[in-house]
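Here are a few notes to help you find your way around this one. Have the viewer open and take the points in order.

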Amino acid sequence: MAERLLWASTTPAMSGGEKIRGMGAMGTLVGQLGELLSRAVMPPPPRVCGTPGGPPVTAPRVRLSDGRHLAYEESGVPKEAARYKIVFSHGFTGSRLDSLRASPEVAEELGVYMVAFDRAGYGESDPNPNRTVKSAALDMAELADALGLGDKFYVVGVSLGSHAVWGALRYIPERIAGAVMMAPVVNYWWPGFPAEAAAAAYGRQSYGDQWALRVSHHAPAILHWWMDQSWLPTSTVGINESYYRDMTVMFGKWEFDPMALPEPPCPVHIWQGDEDGLVPVALQRHVAGKLGWVNYHELPGTGHFLSAVPGLGDTVGC
């Protein structure tokens with residue numbers, strides 16, 4: 001104790017200026033550490049098509065109200081002659097080229113026009129760092145407006161891309177003439193699910209996928225960093241920024257529960273395989289059961305990738 005008192009008495013006291021300079025140095029250090037952590041946690045900026053150092057633009061694109069571009073691909077009959085105008089939202093890791101294509105004969109007979117687009121951050125569409133379920137729906141509406149599809153149009157979503165369709169039913173139902181979702185991915189945290197059923201379905205996912213979904217929901221800001229750590233349990237979904245953004249949007253905290261939506265002014269169909277290894281059929285049945293206005297179609301002996309089912313493109317797309 002005496003030694004400590006002696007040391008204190010012989011150590012010169014810091015002046016006010018010295019204290020301020022010390023606090024400033026500490027603040028600088030904290031700021032530098034914060035910058036390093038941000039760099040480690042955040043994904044690198046994506047290479048935007050058509051910008052210096054970015055890939056070239058090869059697809060037709062429309063410019064949105066916020067300045068972003070959406071790339072698209074058209075199929076079917078010319079939109080000027082179409083009776084059914086469909087906007088298609090592709091699934092996880094997909095693109096505008098994954099459109100659900102009806103056979104030319106059926107499309108011609110029924111007058112079907114379809115436009116598929118690269119969702120934000122995919123393919124040749126610009127990324128949207130503020131992407132949400134709502135923004136995905138509004139992107140479809142802006143695309144339809146830019147292409148002159150009229151006041152109402154049909155929407156089709158596949159797998160994870162179906163979140164845009166749920167968003168359309170929530171935020172722009174007056175624009176939707178009809179909606180189809182094929183094996184739509186579910187969010188295990190939607191309030192409408194019974195807790196035990198959701199937990200059981202979640203527990204059947206692989207250990208790495210469970211952790212990836214958990215981080216996507218509870219700590220989305222560190223998802224890129226988490227997935228980049230080989231010593232942590234992670235999914236194998238890849239390292240693209242658009243993939244991570246998809247996960248945080250789909251499995252994050254939604255502004256609404258699809259199972260609490262009011263009946264929209266249009267028909268809604270869900271197609272689901274009963275042997276889907278990615279989307280639990282038990283939870284999909286629960287969604288359909290809660291929403292009496294959903295037309296639910298369950299395909300026996302069928303997995304997740306419904307595009308491989310012969311003739312289904314003609315049935316769904318037309």
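1. Let's start with the largest pocket. By class, its lining has 19 nonpolar, 9 polar and 2 charged residues. Keep in mind as you look around that this is a predicted model.

2. How many residues line the largest pocket? There are 30, and those nearest its centre are Phe92, Ser159, Val185, Leu278 and His304. The space inside comes to about 730 Å³.

3. Two helices are worth picking out around that pocket. Helix H7 (207–218) and helix H9 (241–251) each give at least two residues to the lining of the largest pocket. The largest share, 3 residues, comes from H7.

4. Those two helices also pack against each other. H7 and H9 meet at an angle of about 70 degrees, and their axes are 8 Å apart. The two are therefore roughly perpendicular to each other. On the H7 side the contact is made by Ala212, Leu213, Ser216 and His217, and on the H9 side by Met247, Thr248 and Phe251. Sorted by class, the residues of this contact are 4 nonpolar and 3 polar, with no charged ones.

5. H9 turns up again in the second largest pocket, where the largest share of the lining, 3 residues, comes from this helix. This pocket holds about 400 Å³ of space. Its lining has 22 residues, with Pro46, Arg47, Gly121, Asn240 and Ser242 nearest the centre. The class split of the second largest pocket's lining is 11 nonpolar, 8 polar and 3 charged.

6. Now the sheet. It is open, with 8 strands in the order S1-S2-S4-S3-S5-S6-S7-S8, and the pairing is mixed. Which strands stand at the edges? They are S1 (61–63) and S8 (294–299); each has a single partner strand, so one side of each has no neighbour in the sheet. From one strand to the next, the twist averages 25 degrees.

7. For a look at one edge, go to S1. This strand pairs with S2 (residues 69–76) in the antiparallel sense, over 3 bridges. You can find the pairing by looking for arginine 63, which stands opposite histidine 69 in S2. Elsewhere on the sheet, helix H10 (residues 281–290) packs against it and touches strand S7 (268–273) and S8. The direction of H10 makes about 155 degrees with that of S8.

8. Another helix pair deserves a visit: H4 (residues 133–146) and H5 (residues 163–171). They pack at an angle of about 85 degrees, with their axes 7 Å apart. That makes H4 roughly perpendicular to H5. H4 brings Val133, Lys134, Ala136, Ala137 and Met140 to the contact, while H5 brings His163, Ala164, Val165, Gly167, Ala168 and Tyr171. In class terms, the residues of this contact are 8 nonpolar, 2 polar and 1 charged.

9. Last, the enclosed space. How many cavities of 30 Å³ or more does a search of the whole structure find? The search finds 1. The largest cavity has a volume of about 50 Å³, and it is lined by Phe117, Arg119, Ala120, Arg131, Ala136, Asp139 and His163. Two names there should ring a bell: Ala136 and His163 line the cavity, and Ala136 of H4 and His163 of H5 also take part in the helix contact. The cavity lining counts 3 nonpolar, 1 polar and 3 charged residues.

Definitions and conventions
Residues numbered from 1 in each chain as written. Predicted model: local features only at pLDDT ≥ 70, side-chain atom pairs only at ≥ 80, totals over all residues. Heavy atoms only, no water. Axes fitted to C-alpha atoms, helices over the stretch in contact; angles between N-to-C directions. Helix = DSSP H or I, 4+ residues; strand = E, 2+ residues; numbered from the N terminus. Parallel < 35°, antiparallel > 145°, perpendicular 65-115°, else oblique. Contact = heavy atoms within 4.5 Å. Nonpolar A, V, L, I, M, F, W, Y, C, P; charged D, E, K, R; others polar. Pairing = 2+ DSSP bridges. 1 Å grid on protein atoms, 1.4 Å probe; cavity = no way out; pocket = protein on both sides within 12 Å on 5 of 7 lines; lining within 4 Å. Points joined across faces, edges and corners; volume = space filled by probe spheres on them.
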